Amino acid sequence: MSDRNICVDNATVCSGASCVVPESNFNNVLSVVLSTVLTILLAMVMFSMGCNVEIKKFLGHMKRPWGICVGFLCQFGIMPLMGFILSVAFDILPVQAVVVLIMGCCPGGTASNILSYWVDGDMDLSVSMTTCSTLLALGMMPLCLLIYTKMWVDSGSIVIPYDNIGTSLVALVVPVSIGMFVNHKWPQKAKIILKIGSIAGAILIVLIAVVGGILYQSSWTIEPNLWIIGTIFPVAGYTLGFLLARIAGQPWHRCRTVAFETGMQNTQLCSTIVQLSFTPEELSVVFTFPLIYSIFQLAFAAIFVGFYVAYKKCHGKNKAELPESKENEMEPESPSYKTNGGFQPDEK
């Protein structure tokens, strides 16, 4: 009787105060409409981000992929390992540990491109890293999950939606490619599009967070450990990505880019994998973790962007006063440097 007082009548799974409620028709319709609108908006924003990518520099990154290799190590080395360490350290349930690891094995999210723009990052590197991580996720996700989930579950039971990964790749590559073409043909118009798109991108990030709150409004209680992991995980990704890029000799603006590409995960993909791989009973204790991670990765990203903007204002608006500008003056003007935009380790 007490359970009925806590859970609503149409709850499918009840465990104390933890309930899972089936989606109503209204939620299904709302989900389809909002997903369609967000997909269109995201494509438009990525088109505008592509207007800041130069074809020569982008191809230079592909030909001499030192920075991309650093990003690859962060994305599929640091993040899965950090997920494993946090799962063991907090001694969470096996099913919860698997979800944390799935999050760590996901490729970078497209929001990282927008944030990289706001912190004056290397957009050519940002787009190339997001594209490569999404493409490589087709093989790296199963491999990482096989390595790290052995002690908790059979990795064969985890369903990886390759069609969703392919869709994400197309949704990223096509609009960015069009934006690159516009930047090549009409650079002045591309600058106007970029300014509009950067503002729209900031609005889109907030909108995604609000939509997530609307679509996952069913109330259930999860363990405090998952909240703690959801808070630490993205911060660790941002911090370790920045440090590793700096150790690898990348200039400051590329370190900021790698940091966002590392900590900003594709949480929508993680949610899809979780829904396909677990039973309703298991979902009751894990389904909200992707949303928790999404909230904190956006919150801390906003804080970092705020700190950077404040730093620029305190140290003058002239870019020459920023550390990376002084560092770039010291970089050798070699042919490879000019070809690849300084996409080499700094000379010590």
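**Helical spans and side-chain contacts in a predicted model**

Over residues 131–153 the chain is 78% helix and 0% strand, with the end C-alpha atoms 30 Å apart. This stretch belongs to a predicted model, and it is one of the spans that the UniProt record, an unreviewed entry, annotates as "transmembrane region". The full annotation covers residues 32–53, 65–90, 96–119, 131–153, 165–182, 194–214, 226–245 and 290–311. Another of these spans, residues 226–245, is 100% helix and 0% strand in the model, and its end C-alpha atoms lie 28 Å apart.

Two helices lend themselves to a simple check of length. Helix H8 takes in the 24 residues 162–185; at 1.5 Å a residue it should span 34 Å, and the 35 Å between its end C-alpha atoms agrees with that. Its buried residues are Ile165, Leu169, Leu172, Pro175, Val176, Gly179, Met180, Val182 and Asn183. For helix H14, with 26 residues (289–314), the expected span is 38 Å, and the end C-alpha atoms are 37 Å apart, again in agreement. The buried set of H14 consists of Phe289, Pro290, Ile292, Tyr293, Ser294, Gln297, Leu298, Ala301, Val305 and Tyr308.

Helix H14 also takes part in one of the salt bridges, of which the model has two. Side chains of opposite charge can pair when their charged atoms come close. Asp120 and Lys312 meet in such a bridge, at 2.9 Å from N to O. This contact joins distant parts of the chain, since Asp120 sits in the loop between helix H6 (111–118) and H7 while Lys312 is in helix H14, 192 residues apart. Asp120 has a relative accessibility of 27% and therefore counts as partly exposed; Lys312, at 26%, is likewise partly exposed.

The salt bridge between Arg254 and Asp122 has its closest N and O atoms 2.7 Å apart. Here too distant parts of the chain are linked: Arg254 lies in helix H11 (residues 252–263) and Asp122 in the loop between H6 and H7, 132 residues apart. Both Arg254 and Asp122 are buried.

Turning to the rings, the count of aromatic pairs comes to ten. One of them is formed by Phe84 and Tyr148, whose centres are 5.7 Å apart and whose planes make an angle of 50°, a tilted arrangement. The pair bridges 64 residues of sequence, with Phe84 in helix H4 (residues 66–89) and Tyr148 in helix H7 (residues 123–148). Burial divides the two partners. Tyr148 is buried because its relative accessible area of 17% is under the 20% cut-off, whereas Phe84, at 23%, is partly exposed. Elsewhere, ring pairs link Trp227, Phe296 and Phe300 into a cluster.

An aromatic ring also meets a charge: the charged end of Arg246 sits over the ring of Trp252, 4.2 Å from its centre.

A last contact concerns the loop between H4 and helix H5 (94–105), where Asp91 is found. With a relative accessible area of 67%, Asp91 lies over the 50% cut-off and so counts as exposed. Asp91 and Asn225 are 134 residues apart in sequence, yet their C-alpha atoms are 8.7 Å apart in space.

Methods
Residues are numbered from 1 along each chain as its sequence is written. This is a predicted model: local features need pLDDT of at least 70, side-chain atom pairs count only at pLDDT 80 or more; totals for chains, interfaces and linings use all residues. Side-chain values use heavy atoms; hydrogens and water are left out. Rings of Phe, Tyr and Trp (its six-membered ring) pair if their centres lie within 6.5 Å; planes under 30 degrees apart count as stacked, over 60 as edge-to-face and the rest as tilted. Helices (H or I, at least four residues) and strands (E, at least two) are DSSP runs, numbered from the N terminus. Buried means under 20% relative accessible area, exposed over 50%, partly exposed in between (1.4 Å probe, protein chains only). A charge sits over a ring if NZ of Lys or CZ of Arg is within 6 Å of the ring centre and within 35 degrees of the ring normal. UniProt positions are given in the numbering used here, feature names are shortened, and annotations may be inferred rather than shown by experiment. The expected span of a helix is 1.5 Å times one less than its number of residues. A salt bridge is a side-chain nitrogen of Lys or Arg within 4 Å of a carboxyl oxygen of Asp or Glu.
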